[in-house]
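Visitor: I'd like a close look at one part of this protein, the aromatic side chains. Could you walk me through them?

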Amino acid sequence: MTPRTGLLATALLALSLLALPRAAAQSTSPDWSRIEAETMEHFQAILRLDTSNPPGNEGLVVDYLEAVLKKNGIETKRFANDPARPNLVARLRGTGKKRPLLVMGHTDVVKVDPGKWTHPPFSATRDGGYVYGRGTVDDKDNAVAGLMVMLQLKRLNVPLDRDVILLAEAGEEASTQFGIKFMVENHWPEIDAEYCFAEGGGVTRTGGQIRFATVQSSEKIPYGVTLTARGPSGHGSTPLRTNAVAHLAKAVARIAEWQPPMRLNDTTRAYFERLAAISSPADAARYRAVLTPQSAEAQEHFAVNEPRTNSMLRTSVSPNILAGGYQVNIIPSEATATLDVRALPDENIEQFIEEIRKIVADPAVDVARNDRNTRPGAPPSRIDSEAFFAVEQAVKARYGANVATLPAMSPGATDMAYLRAKGMQCYGVGPLTDSEDGPKGFGAHSDQERILESSLHTFVKFNWDIVVKVAGAR
């Protein structure tokens, strides 16, 4: 080799080395235009599987997901308390430098009244830029986003400092003994992780403008309370002051008018502080008011106009089921009401039930806790963690540089409660939805459910961002 050719070879080698980081970066960037078609294929496939809970039949979705994952060479395991209701765990191995990351989505959905749907609830119909079907936003969107992230990590051979675990879980909708409770109590090492991303948050758009993103870092705890009114039965032609239905009606009315005391925690305080900073002057004044003792007017405004905000401020009670009597001309000897209690994480539920007894103030009405499916209490997840910062960065990258991320306490329950109780830092995320959809009857647990196709695809990219940021090798 001549000196000249030696110098040329050295220069070419240097240029090739300089190009390596860029090439590596390109190789780990998914081809999103191609992935969208595959995402929709998998999404529609699992939406068409009726996993209404009860009875669940989550094995239908697990069979599908497992086949896709195995075809792509991803390690999977099944765990089941009931063979028809399995949980699926898929794992991609990292270097072990950091503890694992868990990505979670539940495969069951709530029941439907088919007569109220524009499109059949398990048809996964695409119409006008939307996908219609039960589970589109609760929670098969999270399940398919987790699936697509796992597939891309595997196909692109992305270097990982953490194991990435996907848990497709059964029984989230009120039968956790088949799902997360079973997994935590019997197979904890399979899902043990430092961080978890699951359902519970979302991006809110109003009037076509994105307002903010919420990340669920805490949640209320569901309890059930039963009121039982008793009195002598009799002929309906002779009204009785001891009528059990009348006593029950008065008790329910007192509870419905009752506003339990407001109490903030670290999550809700941060939520209202950040929300005030991005709101109109009138709204900002109300949000700031609840940070002070002088907030009665703001609280009343929320109770009337923003019931979800009102529920975030306190342990809430909603009378949802009434039962009594069986024939029009018979005064029943018993009537019952079932109350949905959503408690703040630090609420002493026995003391709270005693407060309900004081509100009812009727010896003819018994107040007792029932055995509804509940969740454990747990401290809020930190909002100064690596995972929370990753969510904030992804929100700005995918939804807009000026979009604020708000830590939120969900009034509803999720399975992250079981994980937080074990010390895992968990964050609820979700796709973009329009605030106008709720009043139109579209949403989780509503008479109809739908998601914007564009929203689903952006949510997959968002999940990719947060998983790679938290679990990718440095």
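Visitor: To start somewhere specific, is Tyr 427 buried or exposed?

Guide: Tyr 427 is buried, with a relative accessible area of 0%. Keep in mind that this is a predicted model. The ring has a partner, too: a search of the whole structure turns up 11 aromatic pairs, and one of them joins Tyr 427 to Phe 197. Their centres sit 6.5 Å apart with 50° between the planes, so the pair counts as tilted, since that angle falls between the 30 degrees for stacked and the 60 for edge-to-face. Phe 197 belongs to strand β7 (residues 195-198) and Tyr 427 to strand β17 (residues 425-428), so this contact ties together parts that are 230 residues apart in sequence. Phe 197 is buried as well, because its relative accessibility is 2% and the cut-off for buried is under 20%.

Now for Phe 459 and Phe 462. Their ring centres are 6.2 Å apart and the planes meet at 15°, so this pair is stacked. Both residues sit in helix α15 (residues 453-471), and because they are three residues apart there, about one helical turn separates them. Phe 459 and Phe 462 are both buried.

Rings can gather in a group, too: Tyr 271, Phe 272, Tyr 287 and Phe 302 make up one aromatic cluster.

Last, have a look at Arg 450. Arg 450 lies over the face of Tyr 130, 3.8 Å from the ring centre. The charged end of Arg 450 also sits over the ring of Phe 442, at 4.0 Å from its centre.

Terms used. Residues numbered from 1 in each chain as written. Predicted model: local features only at pLDDT ≥ 70, side-chain atom pairs only at ≥ 80, totals over all residues. Heavy atoms only, no water. Phe/Tyr/Trp six-rings, centres within 6.5 Å; stacked < 30°, edge-to-face > 60°. Helix = DSSP H or I, 4+ residues; strand = E, 2+ residues; numbered from the N terminus. Buried < 20%, exposed > 50% of the residue type's maximum accessible area, 1.4 Å probe, protein only. Lys NZ or Arg CZ within 6 Å of the ring centre and 35° of its normal.
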